[in-house]
Amino acid sequence: MQVKSSAYLASQKPLYQKLLSALLGQYSYASVLAADVDAKDYSVSRSGINIAENNRFGKRGFVVRVYAGEGYAEYSGNELSEEKIPGVLAELSRSITKAETHFTRYQTAVSKDEPLQFVKSTEFAVDPHALGDEAILDRLAAVRKAAFEKKA
């Protein structure tokens with residue numbers, strides 16, 4: 001079984017396509033990678049039970065990569081709206097200009113990548129969303145109890 005596709009990414013796809021079109025209007029190569037990952041921490045201990053969003057592994061955002069004449073430039077963000085697209089383009093341009101004036105650039109050839117779309121999803125035996133927090137905590141509590149019984 002696989003994790004369901006992100007409804008958020010599906011709703012944002014037209015916006016990312018507009019961003020990609022705007023980028024390709026200025027650069028010979030551009031790509032956009034978007035991600036939406038849920039992650040939670042569960043703990044069952046003597047001091048209590050805890051469920052928390054895991055911001056280290058749970059992420060939502062996007063990365064833009066463009067070929068800027070002699071090399072690549074990237075921009076990343078957490079949110080995108082149609083109003084923010086010009087700002088993304090301007091920030092990439094500023095970043096490229098700044099890099100050209102402050103660093104020695106090594107000429108890199110433009111990628112010959114073929115256009116690619118993919119959706120990557122994790123395989124799992126039991127859907128944690130369908131299982132629910134309470135059932136997950138019950139399983140963890142049972143494992144903890146079994147471990148303490150074996151220790152004794």
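**Entry 1: aromatic pairs.** I began with the rings, and a search of the whole structure, which is a predicted model, gave me 4 aromatic pairs. I looked at Tyr-16 and Phe-62, whose ring centres are 5.8 Å apart and whose planes meet at 55°, so I wrote this pair down as tilted. I then noted where the two residues sit: Tyr-16 belongs to helix H1 and Phe-62 to strand E4, 46 residues apart, and the pair therefore links distant parts of the chain. Are these two residues buried or exposed? I found that Tyr-16 counts as buried because its relative accessibility is 9%, and Phe-62 is buried as well, with a relative accessible area of 3%.

I turned next to Tyr-67 and Tyr-72, which form an edge-to-face pair with 5.2 Å from centre to centre and 70° between the planes. Here I recorded Tyr-67 as buried at 11% relative accessibility, whereas Tyr-72 is partly exposed at 25%. I also saw that ring pairs link Tyr-16, Phe-62 and Tyr-75 into a cluster.

**Entry 2: charges over rings.** I checked which arginines lie over the face of a tyrosine, and I found Arg-60 over Tyr-8, at 3.7 Å from the ring centre. I found Arg-65 over the face of Tyr-72, at 4.0 Å from the ring centre, and this is the Tyr-72 that I had already listed as the edge-to-face partner of Tyr-67.

**Entry 3: the sheet.** In what order do the strands of the open sheet stand? I read the order as E1-E4-E5, with 3 strands and antiparallel pairing. I marked E1 and strand E5 (72-77) as the edge strands, since each of them pairs on one side only, and I noted a twist that averages 15° from one strand to the next. As a reminder to myself, strands of a sheet pair through backbone hydrogen bonds, either parallel or antiparallel.

Following E4 and E5, I noted 6 bridges between them in the antiparallel sense, and I saw that Tyr-67 has Tyr-72 in E5 as its bridge partner. I then looked at the helix beside these strands, and I recorded that H1 lies across E1 and E4, running at about 160° to E1.

**Entry 4: a hairpin.** I looked up strand E2 (residues 40-45) and strand E3 (residues 48-53), which run antiparallel and are joined by 6 bridges. Through how many residues does the hairpin join E2 to E3? I noted that 2 residues make this connection, and I added that Tyr-42 stands opposite Ile-51 in E3.

**Entry 5: the core.** I searched for the largest nonpolar core and found that it has 18 residues, with Leu-19, Leu-23 and Val-64 among those with the most contacts inside it. I listed helix H1 (7-24), strand E4 (60-67) and helix H2 (85-102) as the elements that give two or more residues to this core.

I followed Val-64 further, leaving aside its neighbours within four places in sequence, and its contacts include Leu-19, Leu-23, Val-32, Tyr-75 and Leu-92.

**Entry 6: Val-32.** I placed Val-32 in strand E1 (residues 30-36), and I recorded it as partly exposed because its relative accessibility is 25%. With neighbours within four places in sequence left aside, I found Val-32 in contact with Tyr-16, Leu-19, Leu-20, Leu-23, Val-63 and Val-64. I finished with the separation of Val-32 and Tyr-16, which are 16 residues apart in sequence and 7.1 Å apart in space, C-alpha to C-alpha.

Note on methods
Residues are numbered from 1 along each chain as its sequence is written. This is a predicted model: local features need pLDDT of at least 70, side-chain atom pairs count only at pLDDT 80 or more; totals for chains, interfaces and linings use all residues. Side-chain values use heavy atoms; hydrogens and water are left out. A nonpolar core is a set of buried Ala, Val, Leu, Ile, Met, Phe, Trp, Tyr and Cys residues joined through side-chain atoms within 4.5 Å. Buried means under 20% relative accessible area, exposed over 50%, partly exposed in between (1.4 Å probe, protein chains only). Helices (H or I, at least four residues) and strands (E, at least two) are DSSP runs, numbered from the N terminus. Contact means heavy atoms within 4.5 Å. Two strands pair if DSSP finds at least two bridges between them. Axes are lines fitted to C-alpha atoms, for helices over the stretch in contact, and angles run from 0 to 180 degrees between N-to-C directions. Rings of Phe, Tyr and Trp (its six-membered ring) pair if their centres lie within 6.5 Å; planes under 30 degrees apart count as stacked, over 60 as edge-to-face and the rest as tilted. A charge sits over a ring if NZ of Lys or CZ of Arg is within 6 Å of the ring centre and within 35 degrees of the ring normal.
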